[in-house]
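Please work through the exercises below with the sequence and the 3D structure open beside you. Try each task yourself before reading its solution.

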Amino acid sequence: VDFKPHWALGGKAMLFKSNRRGYKNHGGHGYHSDFFIMFFDIDAYERFLMNKEEKALYDEAHKPAKKSDADGDKKTADKKSAAVEPLKFDLENCRNRVVRLTAPSTRLGDAFLTPKGDTLIYEAAFEDSYDLYRYDLLEDKNELLQKEVGKGDLQPDKKFKNLFVLSKGGIKKIEIAKGKRTNVDFEAQFNYRPYAERKHLF
């Protein structure tokens, strides 16, 4: 079973969970799953498979050319009028470009893949509680970021420096680089009016 898809790499890939390689739910005892990534773009797929040195050379070769100061005004005008280039999905071959990101299989929560696809941050319960892990795909290094964060949604900020974890009835902010956790205080008041509710229903 494949489920919980997320767009990744600017829409050129899809991150999803699947129990295809894990413990199956025979007899209602639950299942174990993994995170996989499917690529809709051949260039994104080939870059993802490169090692650290190859990616550095690839990124250097594909850097946008620097423009002179004389082109400053033209650059600003072009930026305002430039249209967003539509994505082209290669749906015919995408099922052949699926990569397993986690091992071993276990109980998983949500996950977040950094914009360049070099780091996967995910919730996993290898023991009793759901903990937050950071998997460096370049170094093939998996490390524990935070214990007992719970199972919930992971939402990054605009600069992709912090993750907001929505779990256990609260919100936590996690610094991706340091793994520092801060509770986000909020107040959500609810005026419960059972008589008015019943009157509206019946």
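The exercises that follow concern a predicted model, and each one is solved step by step.

**Exercise 1. Unusual backbone geometry**

Find where the cis peptide bond ending at Pro104 lies, and then describe the two residues Lys4 and Phe160, whose phi values deserve attention.

Solution. As background, most residues other than glycine have a negative phi, and most peptide bonds are trans.

Step 1. The peptide bond that runs from Ala103 to Pro104 is cis, with omega near 0°. Pro104 itself is placed in the loop between strand S4 (98-100) and strand S5 (107-113).

Step 2. Lys4, which is not a glycine, has a positive phi near 50°, and this residue belongs to strand S1 (residues 2-8). Its relative accessible area is 31%, so Lys4 counts as partly exposed, since that class lies between the cut-offs of 20% and 50%.

Step 3. Phe160 also has a positive phi, of about 60°, although it is not a glycine. Phe160 sits in the loop between strand S9 (153-156) and strand S10 (162-167), and with a relative accessible area of 38% it is partly exposed.

**Exercise 2. Strand S6 and its partners**

Decide how many residues of strand S6 are buried, sort its side chains by direction, and work out which strands pair with S6.

Solution. Step 1. Strand S6 covers residues 119-125, and 7 of its 7 residues are buried.

Step 2. In a regular strand the side chains alternate between the two faces of the sheet. In S6, Thr119, Ile121, Glu123 and Ala125 point one way, while Leu120, Tyr122 and Ala124 point the other way, and all are buried.

Step 3. Take Thr119 in strand S6 as a check: its relative accessibility is 16%, and it therefore counts as buried, because buried means under 20%. Leaving out residues up to four places away in sequence, Thr119 touches Phe112, Leu113, Thr114, Arg134, Tyr135 and Leu137.

Step 4. S5 and S6 pair in the antiparallel sense over 5 bridges, and Phe112 stands opposite Ile121 in S6. These two strands form a hairpin with 5 residues between them, and Gly117 in the turn has a positive phi of about 80°.

Step 5. S6 also pairs with strand S7 (residues 131-136), again in the antiparallel sense, over 6 bridges. Here Glu123 stands opposite Leu132 in S7, and a hairpin of 5 connecting residues joins S6 to S7.

**Exercise 3. An open sheet**

Give the order of the strands in the open sheet of 4 strands, explain which strands stand at the edges, and follow the contacts of Phe164.

Solution. Step 1. The order of the strands is S9-S10-S11-S12, and their pairing is antiparallel.

Step 2. S9 and strand S12 (181-184) each have a single partner strand, so they stand at the edges and one side of each is left without a neighbour in the sheet. From one strand to the next, the twist averages 25°.

Step 3. Strand S11 (residues 170-175) is joined to S12 by 4 bridges, and the two run antiparallel. Within this pair, Lys173 stands opposite Thr182 in S12.

Step 4. Phe164 is found in strand S10 and is partly exposed, with a relative accessible area of 26%. Its C-alpha atom is separated by 6.3 Å from that of Ile174, a residue 10 places along the chain. When residues up to four places away in sequence are not counted, the residues that Phe164 touches include Leu154, Ile171, Lys173 and Val184.

**Exercise 4. A loop glycine and a surface patch**

Locate Gly30 and list its contacts, and then name the residues of the nonpolar patch on the surface.

Solution. Step 1. Gly30 lies in the loop between strand S2 (13-18) and strand S3 (34-39), and at 26% relative accessibility it counts as partly exposed.

Step 2. Gly30 touches Tyr23, Lys24 and Asn25, with residues up to four places away in sequence not counted. The C-alpha atoms of Gly30 and Arg107, which are 77 residues apart along the chain, are separated by 8.9 Å.

Step 3. The patch consists of Trp7, Leu87, Phe89 and Leu91, which together have about 480 Å² of accessible area. One of them, Leu87, is placed in the loop between helix H3 (72-81) and S4, and at 42% relative accessibility Leu87 counts as partly exposed.

How values were computed:
Residues numbered from 1 in each chain as written. Predicted model: local features only at pLDDT ≥ 70, side-chain atom pairs only at ≥ 80, totals over all residues. Heavy atoms only, no water. Buried < 20%, exposed > 50% of the residue type's maximum accessible area, 1.4 Å probe, protein only. Pairing = 2+ DSSP bridges. Contact = heavy atoms within 4.5 Å. Axes fitted to C-alpha atoms, helices over the stretch in contact; angles between N-to-C directions. Patch = residues over 30% accessible without salt bridge, like charges linked within 9 Å, V, L, I, M, F, W, Y side chains within 5 Å. Areas by Shrake-Rupley, 256 points an atom, 1.4 Å probe, with all protein chains shown as cover. Salt bridge = Lys/Arg side-chain N within 4 Å of Asp/Glu carboxyl O.
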